[in-house]
Amino acid sequence: MAEDESDDHSVDPLLTSRHVGPLARKRAEEEYRERIEDEAREARRQTKRSRGTAKGKEPVTQSVPGQPLLAMPPAPQHPEEGGSPPLLVSKQGTRLRLKPPVRPGSAERDPGSSANHRPPSPLSPIMTPPDDHSSHYLPGPYNANGAQAPVLVPPPASPPPLSEVQRHAKPKRLKAHTVTSKNFNIPTVPRDKKGRPLLPLNVGIMTVVNLGEVCMREHFHTERYIFPVGYEVTRRYQSTIDPHNEVVYHCSILDGGDGPKFQIVASDVPDRPMIAGTATGAWSSIVKQANAIRNRQHSNSVSGPDFFGLSQNTIKRLIQELPNADRLRDYVWQHIVEGGR
């Protein structure tokens, strides 16, 4: 009987039980919030009724009999959402602050601890790394103390430093692969009664001996040039065995099966032809030998198509007149007008 008399029947037994489950606590919190919201709404109605006409005067809410304390707007917020605790006004007009409920799962604070004691923030200065090597923290799940545990995210990897050669190296120049069709004028070409050019034909320092035949197979033409099989020209250039003489070089294009073969035969060494898979490769070897016997420190760079006469507009026009030249897939046709001004 003594135990029954000491019980406080105004206290919900679910909140004082040691075996309160999460559902019971959640239901108790919802009932508490509903009660606070009802009191706040009633307080707002009472405030509107008793508000004075003078501006700047702070209204005082009159309490309702049987209701000692009234909550003032704004309505209380959930503890997780932050914000100030709800404001209460007593019958005498004294303002009070209502302590928000403790979040479920969080540990009770020590009553003897300081009132301003708060758990350290996950991003407190103690845990925050220096700015030079900053790592990123993400909010983690709640720990046993009700604070969010930080999750460390490593910083992004920085690229390796450039070497001394890379810092001073010039950027590579992009090669322009686009070939456009242009208009050119050339002198009149001497022809026979059927309109065929009279060979041999002198074109600058080149002498065209044979125009050859257009091959439709792959690698026998590019966007810029056509490599007819049987094409022959002659020209003069420095000897590779006599540093004081120039000789005639006979240049021809052969059928190499999977592609053209470029052959160069010097008149002073006819038994040692130079054959390469490209016109530049064949002529680079000739230029290198000619510079070596003359002790020249040149780069030995050369344009093979130029030395073969394939870049001459007159020779281009004559090659374009060959049968099947207009059927080549990759070659960009050039508009060359004979006898134009």
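Start by selecting R33: at 31% relative accessibility, R33 counts as partly exposed. Keep in mind as you click around that this is a predicted model. Now add E29 to your selection. The side chains of R33 and E29 meet in a salt bridge, with 3.9 Å from N to O. Both residues sit in helix 3, four residues apart, so about one helical turn separates them.

Stay on this helix and pick E34, which belongs to helix 3 (residues 22-50). With 48% relative accessibility, E34 is partly exposed. Colour E30, E31 and E37 along with E34, and you'll have a negative surface patch on screen.

**Zooming out**

Time to show the whole chain as a cartoon. You should find seven helices and 13 strands. Of the 341 residues in the chain, 28% are buried. Switch on the surface if you like: the accessible surface comes to about 24,400 Å², and 53% of that belongs to carbon and sulfur atoms. Here's something on how the chain folds back on itself: among contacts between residues at least 6 apart in sequence, 48% join residues at least 24 apart.

**Helix 7 and its cover**

Next, select residues 313-320, which make up helix 7. Is this helix largely enclosed or open? Seven of its eight residues are buried, so helix 7 is largely enclosed by the rest of the structure. The buried ones are T314, I315, K316, R317, L318, I319 and Q320. What covers them? Show strand 6 (183-186), strand 7 (201-203), strand 8 (206-210) and strand 13 (335-338), which are among the elements covering those buried residues.

**A salt-bridge network**

Now click on R191, which is partly exposed with a relative accessible area of 25%. Which residues does R191 pair with? One is E321: the two side chains form a salt bridge at 2.9 Å, N to O. R191 lies in the loop between strand 6 and strand 7, while E321 is in the loop between helix 7 and strand 13, so this pair ties together parts that are 130 residues apart in sequence. E321 is partly exposed, at 35% relative accessibility.

Another partner of R191 is E338, with the closest N and O atoms 2.8 Å apart. This pair also links distant parts of the chain, since E338 is in strand 13, 147 residues from R191. Add R317 to the view as well: salt bridges that share partners join R191, R317, E321 and E338 into one network. For the chain, the count comes to nine salt bridges.

**Some unusual backbone spots**

Most residues other than glycine have a negative phi, and most peptide bonds are trans. Let's visit some exceptions. Select L199 and P200: a cis peptide bond joins them, with omega about 0°. You'll find P200 in the loop between strand 6 and strand 7.

Hop over to N324, in the loop between helix 7 and strand 13. N324 has a positive phi of about 75°, and it is partly exposed at 30% relative accessibility. Then try N295, in the loop between helix 5 (279-293) and helix 6 (304-307). N295 has a positive phi too, near 60°. This residue is exposed, with a relative accessible area of 66%.

**Last stop: a buried loop residue**

Finish at T240, in the loop between strand 9 (232-238) and strand 10 (246-255). Is T240 buried or exposed? It's buried, with a relative accessible area of 9%. Leaving aside neighbours within four places in sequence, show what T240 is in contact with: Y249, D268, V269, I286, Q289, A290 and I293.

Methods:
Residues numbered from 1 in each chain as written. Predicted model: local features only at pLDDT ≥ 70, side-chain atom pairs only at ≥ 80, totals over all residues. Heavy atoms only, no water. Patch = residues over 30% accessible without salt bridge, like charges linked within 9 Å, V, L, I, M, F, W, Y side chains within 5 Å. Areas by Shrake-Rupley, 256 points an atom, 1.4 Å probe, with all protein chains shown as cover. Salt bridge = Lys/Arg side-chain N within 4 Å of Asp/Glu carboxyl O. Lys, Arg positive; Asp, Glu negative; His and termini not counted. Charge placed at Lys NZ, Arg CZ, Asp CG, Glu CD. Helix = DSSP H or I, 4+ residues; strand = E, 2+ residues; numbered from the N terminus. Buried < 20%, exposed > 50% of the residue type's maximum accessible area, 1.4 Å probe, protein only. Contact = heavy atoms within 4.5 Å.
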